[in-house]
Amino acid sequence: MTAKPHVLVKRSVSLDGHRTSVALEQMFWDEIDALAKRQGLSVSGLISQVDRGRHTDQNLASALRLAVLEALRQPTHD
C-alpha cells in the first residue's frame, strides 16, 4: 500500500543535545534523506544545519520544506 502524500510522518531528532520532533510528509523525508547523503551528513546533521540557519519566526518544518525546495531548484552537477 502506498503512503498517502498528505499524511504527516513524525520523526524525533536531536538538535544541540535537545530532543524534538518534526512532522513532514513522507516525500519531504525522502528528499531530506537524499540531500543529507549527497552532502555527506547524517539526517540529524542536515536538520541541525537548517535549524541554525532559519529565521527566529520560522518553524523547523517550514524551514526544512524550503531547504528541500531550494536543493531541488539547484542545477545538478553530474
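Which residues of H2 are buried? Keep that in mind while you load the model, and we'll get there by way of the hairpin.

This is a predicted model, with residues numbered from 1 along each chain as its sequence is written. Local features need pLDDT of at least 70 and side-chain atom pairs count only at pLDDT 80 or more, while totals for chains, interfaces and linings use all residues; side-chain values use heavy atoms, leaving out hydrogens and water.

**Stop 1: the hairpin**

Select residues 8-15, strand S1, then 18-25, strand S2: the two pair in the antiparallel sense over eight bridges. Pairing here asks for at least two DSSP bridges between the strands. Strands are DSSP runs of E with at least two residues, helices are runs of H or I with at least four, and both are numbered from the N terminus. Two residues sit between S1 and S2 in this hairpin, and Asp16 in the turn has a positive phi of about 50 degrees. Click on Leu15 and you'll find His18 of S2 opposite. Ser14, for its part, has Arg19 in S2 as its bridge partner.

**Stop 2: helix H2**

Now select 43-53, which is H2. Back to the opening puzzle: its buried residues are Leu46, Ile47, Ser48, Val50 and Asp51. Buried means under 20% relative accessible area, exposed means over 50%, and partly exposed is in between, using a 1.4 Å probe and protein chains only. These buried H2 residues pack against S1, H1 and H3.

Zoom in on Ser48, in H2. Ser48 counts as buried because its relative accessibility is 11%. Leaving out residues up to four places away in sequence, Ser48 touches Ser14 and Leu15, where a contact means heavy atoms within 4.5 Å.

**Stop 3: H1 against H2**

Add residues 26-38, helix H1: the axes of H1 and H2 come within 9 Å and cross at roughly 100 degrees. H1 and H2 are therefore roughly perpendicular. For the geometry, axes are lines fitted to C-alpha atoms, for helices over the stretch in contact, with angles from 0 to 180 degrees between N-to-C directions. Under 35 degrees counts as roughly parallel, over 145 as roughly antiparallel, 65 to 115 as roughly perpendicular, and the rest as oblique.

Show the side chains of Trp29, Ile32, Asp33, Leu35 and Ala36 in H1, which meet Val43, Leu46 and Ile47 in H2. By class, that contact has seven nonpolar, no polar and one charged residues. Nonpolar covers Ala, Val, Leu, Ile, Met, Phe, Trp, Tyr, Cys and Pro; charged covers Asp, Glu, Lys and Arg; the others, Gly among them, are polar.

**Stop 4: H2 against H3**

Which way does H2 run relative to H3? Select 60-73 for H3; the axes of H2 and H3 come within 10 Å and cross at roughly 105 degrees. That makes H2 roughly perpendicular to H3. From H2, the contact uses Ile47, Val50 and Asp51; from H3, Leu60, Ala63, Leu64 and Ala67. Its residues divide into six nonpolar, no polar and one charged.

**Stop 5: the loop**

Finish in the loop between H2 and H3, home to Gln58 and Asn59. Buried or exposed, what is Gln58? Gln58 is buried, with a relative accessible area of 17%. Beyond its neighbours within four places in sequence, Gln58 is in contact with Ala63 and Leu66. Asn59 counts as partly exposed at 47% relative accessibility. Try your distance tool: a polar atom of the Asn59 side chain lies 3.2 Å from the backbone nitrogen of Ala61.

Notes. A polar contact is a pair of N or O atoms within 3.5 Å; within protein, one must be able to donate a hydrogen and the other to accept it, and residues adjacent in sequence count only if both atoms are side-chain atoms.
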